[in-house]
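Colleague: Before I rely on the vocabulary used for this protein, I would like each term explained. Please show me the chain and we can go through the terms one by one.

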Amino acid sequence: MRESAIVDVPIVEVWRWLRDFNSHRDWHPAIDDSEIENGLPADTVGAVRAFTLKDGSFLREQLLSLDDELHELSYCLIDSPIPLYGYVATIRLLPVTDTGATFWQWESEFNPPRDRARELVALVANDIYRAGMRGLERRLRAGPGEGGNGVLRVARATEGTPAAPREKLLPVHPVEATVEPATDAAGSLKARAVVMDRHGGPEVLSLRDIDVPTPGPGEVRIRQSHVGVNFIDVYCRTGYFDLVTPPGVPGMEAAGTVESVGSGVSHLAAGDRVAYACPPAGSYASVRTMNADLVVRIPDWLDTAHAAAGLLKGVAAGFLLHDVHPIARGEWVVVHAAAGGVGSLLTQWAAALGARVIATVSDAEKARLAEASGADDVIIGRGPEFVDRVRRLTGDRGADVVYDAIGRDSFDASMAALAVRGHLVSFGQASGDIGAREIGPMASKSLTLSRPNYGHYIADRTMMTMQAERLFSAIERGFLNIPPPQLAPIEDVARVHSELESGRTTGAIVLEA
């Protein structure tokens, strides 16, 4: 099983506590008292800690390894009244380099009695790992009078601006456990799905009944209530992206409830509310079987409609702002199509990180939406006047980074609006492909051009988990507000595609399956 969280505290502070094998008595809410046997230093490999829980239980655990460079330690359970046979746990930390926060992963393997597996998995997940993660963050945030280190005590509403502590401190990743999967004696299920028989316009989309197979090893079958609509779906439908072979089902994003799981799936169970935003295409359906590794559980405080509306767009905004071009406080940032799904999130998040955001939109209504998202200045249109305006706003310096999802029609203006050593992040082509370009002129300002591929930033379970938790944390902390999506029945998918492709939409669109 595995739990993970992002703690808004530098890694050196988290590690200073965790490497002390006896420190859990000072931060874990379940611990009554603890001591290291034989007077050994608490960071000695082989040291045994003997401790009592507040319910009176007595346990002994032994430190197996400790690595200060990797920020990783492992330990095993020696004596316990709880039948967690063969229990070995590992704690590892990773820095979230752009924010100074810490990614904390706590995982273990053990063999509980078969009839108590789910009970004991839940106990370890909730009472040990999640409670401990929250307990240590509270300790780190406490002031000196409360026994903390007084270094960090608040989450950020905007970068560097104090905010009230949250009641729910950690965005915690759901439990993984080796438990017998649910069986599905009925075999395949019938589902409604949007099928495209050929590449082309919205008219190629039609609603059909399809068979959805029983989940195989490593797979999960989901009853999907809400399906996110994204511009990449248009690219798949037209054939610009070779991601759907007709006849096939488009769509990359959906949310719903786990119906059943295949063998080897340990982090999800029937009844879990989940979402995903990843290839392969096929989300435009009421039921779907897919790879479980890229499926994440939805936090209790987030409904499925908002999850389907925001996961793909939010993950994209997250890696664009944190991984492709890590935003620095005070940078001038241009966001094209700032009233769109990704654009509005980029604007909000960049502003929360302390950037000065210049938004571009196509009309006055969208300009009001961009202003509400936190843009410092909004420009209608992207012609020569756009470049002049950016120059004036930045003191003739130019923008540090331009996030451009427009493509062909905005590329040249985006390059012209950049400062020396500026960065153009071209992540879409709503107006068409940028085509072949000569890179020589970029040397005149030492410009950087990036063309990120979404799939490369959510390629495996670890990456998807980190991206999703970073997004959920940003929403919970108030960095992002995902407005209620525009809901449409799945039968209206052709109309929805037509409006999205023509630029007549704002915000997120979700199909009700």
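**Terms and what supports them**

Modeller: Keep in mind that this is a predicted model. Strand E20 (residues 399-404) and strand E21 (residues 418-426) run parallel and are joined by 5 bridges.

Colleague: What makes E20 and E21 a pair?

Modeller: Two strands pair if there are at least two bridges between them. E20 and E21 have 5 bridges, so they count as paired. As an example, Ala399 has Leu418 in E21 as its bridge partner.

Colleague: Which sheet do they belong to, and in what order do its strands lie?

Modeller: An open sheet of 6 strands, ordered E19-E18-E17-E20-E21-E22, with parallel pairing.

Colleague: Why are E19 and E22 called edge strands?

Modeller: Strand E19 (377-380) and strand E22 (448-450) each pair on one side only. On average, neighbouring strands of the sheet are turned by 15 degrees against each other, direction ignored.

Colleague: How do you know that helix H5 packs on this sheet?

Modeller: Helix H5 (residues 304-324) touches E20, E21 and E22, where contact means heavy atoms within 4.5 Å. The direction of H5 makes about 145 degrees with that of E21.

Colleague: Why is the protein chain called as compact as a globular protein of its length?

Modeller: The chain has 11 helices and 24 strands. Its radius of gyration is 25 Å and the globule rule gives 24 Å for 513 residues; the values are close, so the description holds.

Colleague: What share of the residues is buried?

Modeller: Buried means under 20% relative accessible area, and 55% of the 513 residues are buried.

Terms used. Residues numbered from 1 in each chain as written. Predicted model: local features only at pLDDT ≥ 70, side-chain atom pairs only at ≥ 80, totals over all residues. Heavy atoms only, no water. Helix = DSSP H or I, 4+ residues; strand = E, 2+ residues; numbered from the N terminus. Axes fitted to C-alpha atoms, helices over the stretch in contact; angles between N-to-C directions. Rg over C-alpha atoms; globule rule 2.2 N^0.38 Å. Buried < 20%, exposed > 50% of the residue type's maximum accessible area, 1.4 Å probe, protein only.
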